[in-house]
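The following exercises invite the reader to examine a protein model step by step. Each task is followed by a worked solution.

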Amino acid sequence: FFSSRRRHTRCREVSWARRCVQETEIYLAKSFEEQQRLKEELKKEELKMEKEFKDKMMEKFREDERLEQMNAQKRRMKELEHKKEIERLWQEKLVIYKKQRDEEIEQKMKADEEARIKEEIVKSEKERLLKEHAELLEKYHPKAAAIEKTRYSTTK
């Protein structure tokens, strides 16, 4: 009878451990997919911003050139200068954008880490309280005490 009960308890523990591993694997896979999707979206957004920025700047410089009515040679030289200036301005804007994005990512990572730490603290405090008041729990609610003993022994 006791060995049957031990086997049954052992089977539940193994099943619980497998379920935990599967949930962790699913969570990690979803996180990876989400990161890849976000990375793709950011890249698309960045390319779109670059194109819009360059188009607007080229239009502005073209209008300036038309107003000045330069000859063909001067116009080509000015257009090259404008392209260089557009690229320089874009690089400055891109550096600022990337810096802001990195700061946002860092803040999110810090928040995630803080949440994980809080979760660990709550878990350890729960275990401490359960240990501290195990006798009371067993006295007034033996079923819950047995469940917590099992849960505690499988988490270690």
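**Exercise 1. Place Lys78 in its helix and classify its accessibility.**

Solution. The structure under study is a predicted model. Begin with the location: Lys78 belongs to helix 2. Next, take its relative accessible area, which is 30%. Buried requires a value under 20%, and exposed a value over 50%. Lys78 is therefore partly exposed. Finally, consider its distance to Phe61: the two residues are 17 residues apart along the chain, and their C-alpha atoms are separated by 8.8 Å.

**Exercise 2. Determine whether His82 is buried or exposed, and list its contacts.**

Solution. Helix 2 contains His82. The relative accessible area of His82 is 12%, so this residue is buried. With residues up to four places away in sequence not counted, His82 touches Phe61 and Glu65. The contact can also be followed from the other partner. On the same basis of counting, Phe61 touches His82, Glu85 and Ile86.

**Exercise 3. Describe the surroundings of Ile86.**

Solution. First, locate the residue: Ile86 sits in helix 2. Second, judge its accessibility: at 3% relative accessibility, Ile86 is classed as buried. Third, collect its contacts beyond the neighbours within four places in sequence; these are Phe53, Lys54, Met57, Met58 and Phe61. Fourth, set against these contacts the residue Arg66, which is 20 residues from Ile86 in sequence and 18 Å from it in space, C-alpha to C-alpha.

**Exercise 4. Identify the residues that form the largest nonpolar core, and the helices that supply them.**

Solution. The largest nonpolar core has eight residues in all: Phe53, Met57, Met58, Phe61, Ile86, Trp90, Leu94 and Tyr97. At least two residues of this core come from each of helix 1 and helix 2.

**Exercise 5. Characterise the largest pocket and its lining.**

Solution. Start with the volume: the largest pocket holds about 870 Å³ of space. Its lining consists of 21 residues, and those closest to the pocket centre are Gln35, Leu38, Lys108, Met109 and Asp112. Then turn to the elements: helix 1 (2-68) and helix 2 (72-132) are those that give two or more residues to the lining. Helix 2 gives the most, with 12 residues. Lastly, sort the lining by class, which yields seven nonpolar, three polar and 11 charged residues.

**Exercise 6. Locate Ser31, classify it, and relate it to Ala17.**

Solution. Ser31 is part of helix 1. Its relative accessibility is 24%, so Ser31 counts as partly exposed. Between Ser31 and Ala17 there are two separations to state: 14 residues in sequence and 21 Å in space, from C-alpha to C-alpha.

**Exercise 7. Explain why the protein is described as more spread out than a compact globule.**

Solution. Count the elements first: the protein has four helices and zero strands. Their order from the N terminus is α-α-α-α. Now compare two values: the radius of gyration is 31 Å, whereas the globule rule gives 15 Å for 156 residues. The former is well over the latter, so the protein is more spread out than a compact globule. The dimensions may be added: along its principal axes, the C-alpha trace spans about 100 × 30 × 20 Å. As for accessibility, 10% of the 156 residues count as buried. To finish, examine the contacts with a separation of 6 or more: 66% of them are accounted for by residues 24 or more positions apart.

Methods: Residues numbered from 1 in each chain as written. Predicted model: local features only at pLDDT ≥ 70, side-chain atom pairs only at ≥ 80, totals over all residues. Heavy atoms only, no water. 1 Å grid on protein atoms, 1.4 Å probe; cavity = no way out; pocket = protein on both sides within 12 Å on 5 of 7 lines; lining within 4 Å. Points joined across faces, edges and corners; volume = space filled by probe spheres on them. Nonpolar A, V, L, I, M, F, W, Y, C, P; charged D, E, K, R; others polar. Core = buried A, V, L, I, M, F, W, Y, C linked by side-chain atoms within 4.5 Å. Buried < 20%, exposed > 50% of the residue type's maximum accessible area, 1.4 Å probe, protein only. Contact = heavy atoms within 4.5 Å. Rg over C-alpha atoms; globule rule 2.2 N^0.38 Å.
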